[in-house]
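Got the model open on your screen? Let's take a walk through it, from the overall fold down to single side chains.

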Amino acid sequence: EARCSAVGTGMLRHVAAIPGGGPNGCSHPGCHRIAKGLPGSWQPVCQWLPELDAKLNLTDAHCIRSITPWVSSRELNLSLVDFTPNYLCDAKAMQRIHFSSLDPSRPRFIVVMRDPVMRAFSEWSMFALAWNWDAERNFTSAMEGKLSALRRCNETLFDQPLLLETLPTEELAEYVQSCYRQGRAMMYPQLSMYAPCILHALRYFRREQFLFLRYEDLMKMSAEAIVRLVGHFSGLHLDAELVAQAVEGGKCQPSHREHSAPPPGSNSSRGPVKGRPMSFSDTSPDAADYLADTGTHLERFFDPYNQMLVRAIGTPFRWRRRDHRKRFLNATEKEAARVALEQRDAQKAENKRKRKAKLREQVKANNEWAKKQKLRRQASGRKASGRRALRAAMAEARAEGGGKLKA
């Protein structure tokens, strides 16, 4: 049963149509309330399941979207796993994690870092070319704009980045919070400057609470090696059966690796596995050209931050030029890649149109459902009013007839 919150779920427009919803309703702030008859209240992670009404006889339910920070320390006995690229470079988030922990020595952090140049390029490719969040579709121009903004944020630290190591915690937190903009998306150079975020995090947590991995090394590991590494570091229970389940079907296999046989000593019976690539760095037909044009300049820019990183974590993380180089395409290959990109853009536009049309249909269905409910309540109210009027008339007639009412 969800706990009550001061605001209920009144900020969600569709909830008012759910019985008991609205500003005075009772709902856990970490819950999302959905109803069978309101498809507009459903979300990808909170869909209406047939067994809710077929087996449990429910017409509405609460879907848990987030347990923290709303669950008290002694309310549940569980280990919470969360993943995001944002927390580490959000100074306030790291502070909240520290101060809200009953034992700040218990949290464990896994930090995966890619070659800074390639990470920035891959993020730009995702937001500008794949998702169309960024209107700047030229990587060189995008990085020039982001670096100019970073210089304006703090010119002294931009020109003398090694001063970051000597900053008091409060000033370091202010720099990370303002110049990284809470670690939000499309901070291409900032989120590739790993050292300032890690320096700040290490002011609150011990080095042994962090597992730092190079993305390039992770992609070379087998699924079984990854699962065992994470299990050993986190202290979570791990046995042969769990390892087999994680490895089966390539669920934990880096996307570009393919195995034709299980690792020696493994009980897995899986066959060849090839995952779907989740990298966006090949989206642009001009990827190799962009990286060649900007690579040398960005190498020089990121170098002092990479040196700070090594000193901060005590691990000799190094990236080579080949880690941010791609094969140049010939004219025919570039043209084919551009056509494919245009087709993807057209398909995304069509999918967006369909989603909007579906949303309009859902809103229309919700409004019709709410209208029917209102008419039913009004009809019920009229019936009740008619019955009250009839009882009043009968009482009045009885009074006039000396307590007897003739048919």
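The protein chain has 12 helices and 6 strands. Keep in mind that this is a predicted model. Out of 407 residues, 37% count as buried. If you look at contacts between residues at least 6 apart in sequence, 65% of them join residues at least 24 apart. The accessible surface comes to about 24,900 Å², and carbon and sulfur atoms account for 54% of that.

Now for the inside. In soluble globular proteins, nonpolar side chains tend to be buried together. Here, the largest nonpolar core holds 61 residues, and the members that touch the most others are M113, W124, Y175, Y180 and L309. Helix 11 gives the most to this core, with 11 residues. Zoom in on Y175 and leave out anything up to four places away in sequence: you'll find it touching L150, N154, L157, L164, Y180, M193 and P196.

From there, hop over to the loop between helix 6 (169-179) and helix 7 (194-201), where Q190 lies. Is Q190 buried or exposed? Its relative accessibility is just 3%, so Q190 counts as buried. Setting aside residues up to four places away in sequence, Q190 touches K146, L150, C179 and Y180. L150 and Y180 should ring a bell, since Y175 touches them too. Q190 also shows how the chain folds back: F302 is 112 residues from it in sequence, yet their C-alpha atoms are 9.8 Å apart in space.

That loop has a couple of backbone quirks as well. R181 sits in the loop between helix 6 and helix 7, and its phi is positive, about 50°, although it is not a glycine. With a relative accessible area of 40%, R181 is partly exposed. M186 belongs to the loop between helix 6 and helix 7 too, and here again phi is positive, about 70°, in a residue that is not a glycine.

Next up is helix 9, which covers residues 223-234. A quick sanity check on its geometry: at 1.5 Å a residue, its 12 residues should span 16 Å, and the end C-alpha atoms are indeed 16 Å apart. Which of its residues are buried? They are A223, E224, I226, V227, G231 and F233. The cover over them includes strand 3 (109-113), strand 4 (210-214), helix 8 (215-218) and helix 10 (240-247). V230 is in helix 9 too, but at 30% relative accessibility it counts as partly exposed. Together with I110 and V112, V230 forms a nonpolar patch on the surface, with about 200 Å² of accessible area among the three. Just after the helix, G235 takes a positive phi of about 80°.

On to the charges. The structure holds 16 salt bridges, and K334 is a good place to start. The side chains of K334 and D286 meet in a salt bridge, 3.5 Å from N to O. This pair links distant parts of the chain: K334 is in helix 12 (residues 331-400), while D286 is in the loop between strand 6 (273-274) and helix 11 (287-313), 48 residues apart. Both K334 and D286 are buried. For K334, that follows from a relative accessible area of 17%, as the cut-off for buried is under 20%.

K334 has another partner. D289 forms a salt bridge with K334, where the closest N and O atoms are 3.1 Å apart. Again distant parts of the chain are linked, with D289 in helix 11 and K334 in helix 12, 45 residues apart. D289 has 23% relative accessibility, so it counts as partly exposed. Bring in R338 and you have a network of salt bridges linking D286, D289, K334 and R338.

For a local pairing, look at R353 and E350. They form a salt bridge whose closest N and O atoms are 2.6 Å apart. Why is this one so local? The two residues are 3 apart in helix 12, so about one helical turn separates them. R353 is partly exposed, with a relative accessible area of 45%, and E350 is partly exposed at 29%.

Conventions
Residues numbered from 1 in each chain as written. Heavy atoms only, no water. Patch = residues over 30% accessible without salt bridge, like charges linked within 9 Å, V, L, I, M, F, W, Y side chains within 5 Å. Areas by Shrake-Rupley, 256 points an atom, 1.4 Å probe, with all protein chains shown as cover. Salt bridge = Lys/Arg side-chain N within 4 Å of Asp/Glu carboxyl O. Helix = DSSP H or I, 4+ residues; strand = E, 2+ residues; numbered from the N terminus. Buried < 20%, exposed > 50% of the residue type's maximum accessible area, 1.4 Å probe, protein only. Expected span 1.5 Å × (residues − 1). Contact = heavy atoms within 4.5 Å. Core = buried A, V, L, I, M, F, W, Y, C linked by side-chain atoms within 4.5 Å.
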